[in-house]
Amino acid sequence: MTTQNLFSQNKEPEMISRYAATFVRPSNGTVYAAGDVVCNAAGDVMNFFGATDMRQGRITAAKLSITNDNTTNGAFELFFFRDNANLPTLVDNAAFTMTAACEDDLIGYTTFALESTGTSGGELAWDANTGLNILFTQKETSGVLQGLYAVLVATAAYAPLAPASTVDVVIHIEDDRP
């Protein structure tokens with residue numbers, strides 16, 4: 001899984017940053033049921049950033065895209081967490097269980113319904129949400145900020161058309177760092 005800050009733009013008084021998390025889903029065509037986790041074979045949680053000087057912020061937009069997947073039947077929720085210590089072990093295509101400890105670190109979620117574009121061999125399914133207002137404060141443990149994490153969960157049956165699809169999630173965050 002790769003994570004990167006794609007750009008930062010100073011805007012008075014806030015700073016707008018764009019973060020991305022990318023992973024490749026396992027190389028199979030197994031259908032996801034509602035409530036199943038979509039992740040890589042290692043079960044990694046999406047990590048947008050670790051400890052930074054950004055103590056709090058607001059997620060204002062999110063985009064999900066899946067390559068090699070010219071389909072419109074994908075519906076998902078992306079759950080955001082301020083720590084990954086209480087998240088259960090993730091297994092692709094297995095049910096996601098929201099425990100009480102996990103819920104304590106939940107800061108919000110957004111939903112996606114995939115739209116398709118492209119032609120055979122160059123497909124992309126995507127959705128974007130703007131106008132989000134998901135406020136967060138980074139959790140601090142022993143003086144160390146914990147970062148921002150996410151888990152992608154199918155909300156309906158989803159049949160990926162191609163194995164080893166790349167999943168990209170991009171979020172925009174406003175914060176008031178100097």
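Two strands are said to pair if DSSP finds at least two bridges between them. With that in mind, the predicted model offers a clear example to follow along the chain: strand E2, residues 15-24, and strand E13 are joined by ten bridges and run antiparallel. One position to look up in this pairing is Thr 22, whose bridge partner in E13 is Asp 168.

Strand E13 also pairs with strand E5, which covers residues 56-67. Here eight bridges join the two strands, and the direction is again antiparallel. A reader tracing this pairing can start from Ala 62, which stands opposite Ile 171 in E13. Strand E13 itself spans residues 166-175 and is mostly covered, with seven of its ten residues buried. As a general guide for viewing such elements, side chains in a regular strand alternate between the two faces of the sheet.

Attention now turns to a loop. Asn 28 is found between E2 and strand E3, the latter made up of residues 37-38. The relative accessible area of Asn 28 is 27%; because buried means under 20% and exposed means over 50%, Asn 28 counts as partly exposed.

The surroundings of Asn 28 include residues from far along the sequence: Ala 164 is 136 residues away, yet the two C-alpha atoms are 6.9 Å apart in space. Leaving aside residues up to four places away in sequence, Asn 28 touches Pro 160, Pro 163 and Ala 164. Asn 28 also has a polar partner within the loop region of the sequence, Thr 30: a polar atom of the Asn 28 side chain lies 3.2 Å from the backbone nitrogen of Thr 30.

How values were computed:
Residues numbered from 1 in each chain as written. Predicted model: local features only at pLDDT ≥ 70, side-chain atom pairs only at ≥ 80, totals over all residues. Heavy atoms only, no water. Buried < 20%, exposed > 50% of the residue type's maximum accessible area, 1.4 Å probe, protein only. Helix = DSSP H or I, 4+ residues; strand = E, 2+ residues; numbered from the N terminus. Contact = heavy atoms within 4.5 Å. Polar contact = N/O pair within 3.5 Å; in protein donor to acceptor, adjacent residues only side chain to side chain.
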